[in-house]
Amino acid sequence: MLPELTDEQKMLREMIASFAKNEVAPLAYEIDREERFPEESFRRLAELQVLGITAPAEYGGAGAGYMEMCIVTEELAVHCGSTAATYADHADLCVDNIRRNGRPDQLSRYLPPLCGGNLIGGLAMTEPSAGSDVMSMRLRAEEKAGDYVLNGTKTFITNGPVGDVFIVYAKTAPEKKAHGVTAFIIEKDFPGFERGKKFEKMGWRGSPTGELVFQDCRVPAGNVLGEVNSGARVLMGGLNTERIVLGAMSLGLSRGAFEYALRYAKERVQFGKPIAAFQLIQAKLADMAMEIELSRLITYEGAYMADRGAHRDLNLLAAYAKLYTSEVAMRVTTEAVQILGGYGYMKEFPVERMMRDAKLQTIGGGTSEIQRLIIAREILK
Ligand SMILES: Cc1cc2nc3c(=O)[nH]c(=O)nc-3n(C[C@H](O)[C@H](O)[C@H](O)COP(=O)(O)OP(=O)(O)OC[C@H]3O[C@@H](n4cnc5c(N)ncnc54)[C@H](O)[C@@H]3O)c2cc1C
């Protein structure tokens with residue numbers, strides 16, 4: 001059953017839905033075309049006090065949970081996948097990670113400016129030769145005179161070209177493999193840190209993606225997040241909630257495309273009738289509506305369980321949510337383009353952008369193949 005929303009959660013949904021419709025949607029085409037970070041929406045999300053949605057109020061956060069994070073992400077994605085990605089990367093991958101794993105001095109140093117939108121956050125685990133097999137990462141962190149010195153490259157990093165603070169995973173004891181990984185909080189001004197190439201992409205074009213390059217980058221030992229050599233625990237601890245939040249993003253993308261196609265089908269007349277009167281179009285709309293409802297159920301079940309700390313049971317649920325909602329988003333957005341016919345293929349209609357944005361959902365945060373492996377592993381236990 002869909003968890004019933006509290007009055008506060010309903011108000012949050014209304015507030016973000018109205019913001020997204022009135023302020024995010026009008027920029028969606030432009031930021032996609034220009035591949036530009038949605039600076040003005042990011043600032044407004046800070047004013048709406050949702051950038052640190054799970055961070056405690058004493059650090060400038062909203063003290064809420066994953067249900068609320070999913071509500072915000074979903075409503076943004078209805079109108080703009082890139083803005084939803086920008087939000088989720090900052091609020092979940094960076095802020096929530098620091099909240100969960102940070103020491104009090106790290107919370108007070110980083111959370112207030114991140115929650116207030118004065119710093120932009122990101123997270124870097126992927127490397128040119130370490131994607132799905134993330135534990136084969138090569139970025140090396142060596143202890144020298146009390147600091148750590150990092151050398152290597154991270155790639156495909158969301159907010160990489162614009163971020164100020166990144167959670168970065170590196171090998172502190174390569175011989176220990178996954179048990180030799182440590183998480184660090186890296187500031188963009190640390191000596192030896194540079195942004196590498198910015199990628200040109202098919203979708204999520206308003207969410208800049210780039211490389212991070214570390215050349216003898218000196219990081220104070222105080223910036224280790226969690227314990228030395230327990231970065232795998234930090235990383236794995238965040239993956240389930242990331243996948244549930246990505247589920248909310250896929251759900252929003254599906255809703256945006258469906259709602260547009262439904263309106264269009266009622267208005268577009270061919271053979272003397274609105275195309276919605278044709279059963280072949282009705283069948284598409286029926287399948288889209290059904291799969292969106294199921295996406296909603298699995299996403300919010302996951303968020304509800306995550307808020308109750310049922311983290312051990314989350315592996316399966318998070319993989320279901322990520323896999324199912326992303327594949328639905330791809331089907332729904334593709335069918336939306338089909339329902340709009342030639343107009344659906346044109347950039348002046350938003351469904352082609354939604355289809356391009358949806359494709360990333362089956363890749364980022366663990367591909368569909370990896371989600372199927374996780375599900376198989378869990379059910380074969
Ligand atoms: C736009 C964008 C934003 C991103 N943002 C971030 C970010 O902010 N931070 C970050 O760290 N990363 C980020 N990523 C990286 C993303 O998480 C990886 O792209 C993803 O994990 C897949 O890794 P890969 O691209 O190296 O593909 P690979 O791992 O090389 O996979 C290639 C293909 O092989 C398949 N495959 C791999 N292993 C197996 C297996 N064992 N069995 C069956 N099939 C397999 C995959 O499913 C895929 O189809 C981003 C990526 C993109 C495109």
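**Exercises on the ligand site**

An oxygen atom of the ligand sits 2.6 Å from an N or O atom in the side chain of serine 132, a polar contact (a pair of N or O atoms within 3.5 Å). The model is predicted, so local features need pLDDT of at least 70 and side-chain atom pairs 80 or more, while totals for chains, interfaces and linings use all residues. Numbering runs from 1 along each chain as its sequence is written, and side-chain values use heavy atoms, without hydrogens and water.

**Exercise 1.** Find a ligand contact made by glutamate 369 and one made by methionine 125.

*Solution.* Start with glutamate 369: one of its polar side-chain atoms is 2.7 Å from an oxygen atom of the ligand. Then turn to methionine 125, where a polar backbone atom lies 2.8 Å from a ligand oxygen.

**Exercise 2.** Describe the shell around the ligand by residue and by domain.

*Solution.* First, 19 residues surround the ligand (a heavy atom within 4 Å). Thr126, Ser132, Phe156, Thr367 and Glu369 come nearest. Next, domain 2 (122-229) and domain 3 (232-379) each supply at least three shell residues; these bounds come from an automatic or database assignment.

Notes. A polar contact is a pair of N or O atoms within 3.5 Å; within protein, one must be able to donate a hydrogen and the other to accept it, and residues adjacent in sequence count only if both atoms are side-chain atoms.
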